[in-house]
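Colleague: I am new to this structure and would like a close look at one part of it. Please start with how far the model can be read, and then take me through that part and what surrounds it.

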Amino acid sequence: MFSVNRSRSTLALNSNCGGLCPAAPVTVLPHPTSQALFGHKSTTTMSHIHVRLFACATLVATLCLSASASDTAPRVTPEAALSRLTEGNKRFVEGAATHPDQTAEHRVEVAGGQHPFAIVLTCADSRLSPEIIFDQGIGDIFVVRNAGNLLDDHVLGSIEYAVEHLHATLIVVLGHTKCGAVSAAVAGGEAPGHIKSIIESLSDAVAMAKRKPGDPVDNAVRISAKLSAAALAKAEPIVGEAVKSGELQVMAARYDIATGQVDFLK
Ligand SMILES: [Zn+2]
C-alpha cells in the first residue's frame, strides 16, 4: 500500500510535473523558493545549506505528523469515493443538500487529523466551491484551486501529499461551464500581467478544441480537464504508482454553473 512509498515522499515533492498534455509534456521549472528549499543551486553558502536543512527537517516533521494522524482512518475505495461525490452532487442539484460533517463536534474531531477521501483540482471561480456542489463537509475533500484548474509543480506536489500521506483514493479534475480563463484563452489576444501564463498553459487545449465542432469554450473546458487528468494519472512517482496499483483513480469532470450538475467525462 502507500506505506511502501512513505519514506521517499518528502524528497519527491520537487518531482517534475507531468505537464498538461500527455502527448507533449510541459516541463514546469522549479519555483525559486523550491530551489532554495531543496538546494539545487551550486553557488550555495554553508549558512544557506543550514537554513535549507532546517527547512527540509521541518517539512519532513510536518508531513510525518500529519501522516501519523491520518493513518488510523479507514480508507475508502476509489469507487466508494466516486459514489460519495456523485450522491452529494445529486442532493445539491435537487436542492436536498444535507450539509454533512459541518457540526462543531466534527470540526473538533478532524482538528486531530485529516483524512479526505477525494482530491479535487478545480477552478478558482467563485461559483463552484467543491464542498458545496458535492454536499460534503470539513475534512472530506482535499481541494486545490487556480484559475483554469491548471496543473503545475505546486499543484502536483499538493496532490502528491494528499495521496501519499492522507490516503485519498480519487482525484477529480473539475472544469466548468463559462470558465473565464478558458474563455479568454479561446478569445486570444494579449492578457495583462500574470494572467498571460494561465492563457499560455491553456493553449494546447484551446488548439484542440478549435479543431472540433461545437462550442470552442465548452470543448476546451472538457479537453483541458481530460488532459490534466491524463497527465496526473501518469505523473511519477507518487500518483502514477498509486494509479497503476489500483489504489487511486483520476477522473475528469465538468460542472455546469447553471444547473449544478457535475458530469464525469470519459
Ligand atoms: Zn474557471
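Modeller: What follows is a short account of the whole model, then strand 1 and its sheet, then some helices and loops.

This is a predicted model, in which local features need a pLDDT of at least 70, side-chain atom pairs count only at pLDDT 80 or more, and totals for chains, interfaces and linings use all residues. Residues are numbered from 1 along each chain as its sequence is written. pLDDT is the predictor's confidence in each residue, on a scale from 0 to 100. Its mean over the protein is 80, with 72% of the residues at 70 or more. Residues 1-70 have a pLDDT below 50, and beyond near neighbours in sequence this stretch has 82 contacts in the model. Two residues are in contact if their C-beta atoms, placed from the backbone, lie within 7 Å. Where pLDDT is low, the predicted coordinates should not be read in detail.

The protein has 12 helices and 5 strands. Helices (H or I, at least four residues) and strands (E, at least two) are DSSP runs, numbered from the N terminus. Of the 266 residues, 36% are buried. Buried stands for 20 or more other C-beta atoms within 10 Å of a residue's own, exposed for 12 or fewer, and partly exposed for anything in between, with C-beta atoms placed from the backbone. Among contacts with a separation of 6 or more, 72% join residues 24 or more positions apart.

Now to strand 1, which covers residues 118-122 and has 5 of its 5 residues buried. A118, V120 and T122 lie on one side, I119 and L121 on the other, and both faces are covered. Strand 1 pairs with strand 2 (residues 141-145) in the parallel sense, over 5 bridges. Two strands count as paired if DSSP finds at least two bridges between them. At one position of this pairing A118 stands opposite I141, and at another T122 has R145 as its bridge partner. Strand 1 is also paired with strand 3 (residues 170-176), again in the parallel sense and over 5 bridges. In that pairing A118 faces L170. A118 thus has an opposite number in strand 2 and another in strand 3.

The wider sheet is open, with its 5 strands in the order 2-1-3-4-5 and a mixed pairing. Strands 2 and 5 (262-265) are at the edges with a single partner strand each, so one side of each has no neighbour in the sheet. From one strand to the next the twist averages 25°, the angle being taken between N-to-C directions, from 0 to 180 degrees, of axes that are lines fitted to C-alpha atoms, for helices over the stretch in contact.

Two loops belong with this region. H115 is in the loop between helix 5 (104-111) and strand 1. H115 counts as buried because it has 21 C-beta neighbours inside 10 Å. Although H115 and F142 are 27 residues apart in sequence, their C-alpha atoms are 8.7 Å apart. After strand 2, the loop leading to helix 7 (153-164) holds N149. N149 is not a glycine, but its phi is positive, near 40°. With 29 other C-beta atoms within 10 Å, N149 is buried. Most residues other than glycine have a negative phi, and most peptide bonds are trans.

Elsewhere, helix 8 (residues 180-187) and helix 11 (residues 216-234) have axes that come within 9 Å and cross at roughly 115°. V182, S183, A185 and V186 of helix 8 meet P216, V217, A220, V221 and S224 of helix 11. A185 also turns up in another setting: its C-alpha atom is 5.0 Å from that of I199, 14 residues away along the chain. I199 belongs to helix 9 (residues 195-201) and, leaving aside neighbours within four places in sequence, is in contact with A184, A185 and A191.

The loop between helix 11 and helix 12 holds P237, and the peptide bond from E236 to P237 is cis, with omega near 5°. Helix 12 (residues 238-245) has I238, V239 and A242 as its buried residues. Seen down the helix axis they fall within an arc of 90°, so they line one face of helix 12; the arc is that of the directions from the axis to the C-beta atoms. Just after helix 12, G246 has a positive phi of about 85°.
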